[in-house]
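I opened this notebook to keep track of what I looked up, entry by entry, for someone who has not met this structure before. I begin with one helix and then move on to other parts.

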Amino acid sequence: MTQVKEKIEDQFVAAFRVGQMARGAEATWLTRLRESALDRFEQLGLPTVRDEEWKYTSPAQIAKTTYALATAPAIKRDLVEGYFYPEALESCLVFLNGVFNAEFSSLMGLPDGVVVMNLSTALANETQAAVIREHLARGADYNANAFNALNTAFAGDGAYVFIPRGVKVSTPLHLLFLTVPEASSVASFPRVLIIGEAQSEATVIESYAGTADGNYLTNAVTEVVLAEGARLSHYKVQNEGAGASHLATTIADLDRDSVYDATTITLGAQLSRHEIAVNLNREGAECWVDGLYIVGDGQHADTHSAIHHTKPHGTSHQLYKGILDGKSHAVFNGKVFVHQDAQQTDAKQTNRNLLLSNTARVDTKPQLEIFADDVKCAHGATVGQLEEEELFYLVSRGLHPELAKNLLTYGFAEEVIAKIKIESIKQQLDEAVLHRLRARLEA
């Protein structure tokens, strides 16, 4: 296994050197950032189950695969259209195999002053490059995370979103990352930077999907920075192909009285892991960190979250629900840290899991670490199956057992689904809950 790890690590280092020559001239600070991140990746190496943070999630599938850096595929628009959300047809950036596609993108629905562009294009703009330099890789620390380091080293194409002071964007912005698997396994490294200035407001949908079930790797990093009074609703929808590995990090830094409302939907990929961290850096900051994972036979979904309350009067709400079928495995490790100065913090954390088969398994570990004495905090976790009495009641009223099972399953997920304000995402989840679990609705 050690030799396999060293092989893939050497492979990425070699690919970096080739890509460095292909990129040509770029800002000195960016080159130094890439080199520093690559050096750190070489020092850390790929994680293993011996690492405490990866105890229940083995990245062996990744370590055993030889990846080629993804390139832009030649496809027709009709293949992409099925992945659009109707609410954001005129406010969508499209990335194919991690490469920006201007032809399929449209930003006509955004108000004046809002800056949304490909990250590499923004870096070539002197004004935007100065803003990016201030924030890029400041939240997502690559020193302790090998995959963050790898993403930072390869970060090129990606999304840059800047919402000016006081601007309220009514139209959702969709960032679509679509992988078209090739003959060989490919790897892409999407990078997203979202900055909301004071009193701004926006909704961002960040979605990942695959057109086929090949073995490919998506290694994504998203950084969110909200200034005083800014509000952001952030939906992350992961529906990769069945053979994919999806590794993602989301970091949000909140200023005074800002609100970050995040909902993560996990449906696809053979192996997925999402690390989300929210830092409430000023008084009155508030966050919602919710999620729903629906996994079936052969899938593994891992969620690691960390919410840091560092100042007084902060509020955090976290609700993650999981539905597992077949021989699947889910991991939830949620940590809430209440630092010494964070008096009058209000933090709630809940993880609930529904097992639809005897071979599904969940490892859940909600945690609170409190260093302040005037707080209101609660956390809990549950793992269970459908109530036999409820199932019997529905079947006795004439419902097919599979339909009854799915109606109860939908009822379990509805608490998360109901808070979603994008109707087409809710419809997507309706489909996933009511049909994916092999229901015979026509019965």
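Entry 1, a covered helix. I am working from a predicted model, and I looked up helix H7, residues 146–154, which is mostly covered, with nine of its nine residues buried. The buried residues of H7 include Phe147, Leu150 and Phe154, and also the polar-named entries on my list, Asn148, Asn151 and Thr152. I then checked how H7 starts, and found that a side-chain oxygen of Asn145 reaches to within 2.9 Å of the backbone nitrogen of Phe147.

Entry 2, the sheet. I traced an open sheet of 10 strands with mixed pairing, and I noted the order as E3-E2-E6-E9-E11-E13-E15-E17-E19-E21. Strand E3 (99–106) and strand E21 (376–384) stand at the edges with a single partner strand each, so one side of each has no neighbour in the sheet. From one strand to the next, the twist averages 10°. I also looked up what packs on the sheet, and noted helix H9 (residues 401–417), which touches strands E13 (259–266), E15 (286–295), E17 (315–324) and E19 (346–355). The direction of H9 makes about 155° with that of E17.

Entry 3, pairs within the sheet. Strand E6 (residues 173–179) pairs with strand E9 (residues 201–210) in the parallel sense, over seven bridges, and Leu178 stands opposite Ala209 in E9. Further along, E17 and E19 run parallel and are joined by 10 bridges, with Asn353 in E19 as the bridge partner of Gly322. E19 also pairs with E21 in the parallel sense, over nine bridges, and there Leu354 has Gly384 in E21 as its bridge partner. I asked myself why E19 is largely enclosed by the rest of the structure. My note says that seven of the 10 residues of E19 are buried, so the strand is largely enclosed.

Entry 4, empty space. How many cavities of 30 Å³ or more does the structure hold? I counted seven, and the largest cavity has a volume of about 70 Å³. The lining of the largest cavity includes Trp54, Asn145, Phe147, Asn148, Arg273 and Glu275. Two or more residues of that lining come from each of H7, strand E12 (245–254) and strand E14 (271–280), and E12 gives the most, with three residues. This brought me back to my opening entry, since Asn145, whose side-chain oxygen reaches towards Phe147 at the start of H7, is listed with Phe147 in the lining of the largest cavity.

Note on methods. Residues are numbered from 1 along each chain as its sequence is written. This is a predicted model: local features need pLDDT of at least 70, side-chain atom pairs count only at pLDDT 80 or more; totals for chains, interfaces and linings use all residues. Side-chain values use heavy atoms; hydrogens and water are left out. Buried means under 20% relative accessible area, exposed over 50%, partly exposed in between (1.4 Å probe, protein chains only). Helices (H or I, at least four residues) and strands (E, at least two) are DSSP runs, numbered from the N terminus. A polar contact is a pair of N or O atoms within 3.5 Å; within protein, one must be able to donate a hydrogen and the other to accept it, and residues adjacent in sequence count only if both atoms are side-chain atoms. Two strands pair if DSSP finds at least two bridges between them. Axes are lines fitted to C-alpha atoms, for helices over the stretch in contact, and angles run from 0 to 180 degrees between N-to-C directions. Contact means heavy atoms within 4.5 Å. On a 1 Å grid over the protein atoms alone, a cavity is a set of points where a 1.4 Å probe fits but cannot get out, and a pocket is an open set with protein on both sides within 12 Å along at least five of seven lines; lining residues have an atom within 4 Å of a point. Grid points are joined across faces, edges and corners, and a volume is the space filled by probe spheres set on the points.
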